[in-house]
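Work through the exercises below with the sequence and the structure at hand. Each task is followed by a solution in steps.

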Amino acid sequence: MDIQFIKADKLKEKPTGDLPFGTLFTDYMFTMDYTEGKGWHDARIEPYGPISLDPACMVLHYAQEIFEGTKAYKTPDGHVQLFRANDNLARLNRSADRLCIPRIDTDFVLDALKQLVEIEKDWIPTDPGTSLYIRPFIFATDPYIGVRVSHTYKFLIILCPVGAYYKDGLKPTMMHIERVYARTVVGGTGEAKCGGNYAGSLAATEKAHEAGYEETLWLDGATRSHIEEVGSCNVMFKIDGKFVTPKLTGTILPGITRMSIIELLKSWGETVEERIIGIDEFVDLYHQGKVEEVFGMGTAAVVSPIGKLNYEGEDMVFNNDEIGPYAQKIYDTLCGIQRGTEPDPFGWVIPVC
Ligand code: COI
């Protein structure tokens, strides 16, 4: 399939100064449409702008939608590169299977993404902690009010120059461990990246905000007895010299950053356990002084130290509420690989131009 290029009449001013997360968008977006019997068609890179939808469009009613998050970076010598975007597109297809959405051709979309990012390369910020966030997403477009799988879809990729996800950057965050609301259960959509998971999490996030915390740390939905993930990222603990992260049991997002950090730690000779972490066990380990560091890991969040976790009225404080040595070292190494200032022995980086 060819990709048509539709030129914008006028380009926007590029932002200067501190970048927010998720509010500024570049000049162009990639779009293609799906029709049953025809497949994906009409691939185009066109000016970024509003899209017109029928009010009965199925995604607006039943949330048949999936998305991804990945980033582009500029190296010190001006080259542009992606980080494991092929893994994001493979995950998009796994989410597509769960939400009964047609798969994409990942090689074709990776190539389209490279073309889009190359066109928009002047939008890639270079200040520390900044990047060009890439949001691919697919949603159901049939105008139909009954509940069934849609026969038509739209796929878009939009780009967003971003700073840190949490407003204070690498400063440790405070999370609230949720006991009332549940995010998902085995057999649900927890491991798919679909908008519905995030919509369902908002009440708990609001509750966390009202209590002065940034986000929610979820327990498993069925028993509320073990730790799963943070609202926007996976979580890692350093306990008694070892790294421990909740194992993938079908309810949490199989994070690309999570997977990269596990590989990175193992390459440093560290022990990493992917296992069920009971909340009672964790609170005990905390009281024994064995929890050394806690941090979130995600594309948007990168490595976000967690300084406090509130559980049942108690604030557990880690590493004196300061960024820990490992969170800092992982952040520096990962960002170095992504920006081309550190070698990439893992083959994670994908050159664009
Ligand atoms: C990402 O880390 O890319 C995500 O999609 C998380 C989102 C909640 C910002």
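**Exercise 1.** How many residues of domain 1 are in contact with residues of domain 2?

*Solution.* This is a predicted model, in which local features need pLDDT of at least 70 and side-chain atom pairs count only at pLDDT 80 or more, while totals for chains, interfaces and linings use all residues. Residues are numbered from 1 along each chain as its sequence is written, and side-chain values use heavy atoms, with hydrogens and water left out.

Start with the bounds: the assignment, which is automatic or from a database, gives domain 1 (4–162) and domain 2 (173–339). Next, take contact to mean heavy atoms within 4.5 Å. By that cut-off, 29 residues of domain 1 touch 23 residues of domain 2. The C-alpha centres of the two domains are 27 Å apart.

**Exercise 2.** Find where the ligand lies and list its polar contacts.

*Solution.* Collect the residues with a heavy atom within 4 Å of the ligand. Among them are Phe67, Tyr133, Arg135, Lys193, Thr299 and Ala300. Both domain 1 and domain 2 give residues to this shell, so the ligand lies between them.

Then look for N or O pairs within 3.5 Å. A polar backbone atom of Ala300 is 2.8 Å from a ligand oxygen atom. For Thr299, a backbone N or O atom lies 3.4 Å from an oxygen atom of the ligand. Arg135 uses an N or O atom of its side chain, 3.4 Å from a ligand oxygen atom. On its own the ligand has 290 Å² of accessible area (Shrake-Rupley method, 1.4 Å probe), and the protein covers 90% of this.

**Exercise 3.** Explain why Cys160 is in no disulfide.

*Solution.* A disulfide is a covalent bond between the sulfur atoms of two cysteines. The test is a pair of cysteine sulfur atoms within 2.5 Å. The closest cysteine sulfur to that of Cys160 is in Cys335, 17 Å away, which is too far for a bond. Cys194 is in no disulfide either, with the nearest cysteine sulfur, that of Cys100, 12 Å away. The count by this rule is zero disulfides.

Conventions: Polar contact = N/O pair within 3.5 Å; in protein donor to acceptor, adjacent residues only side chain to side chain.
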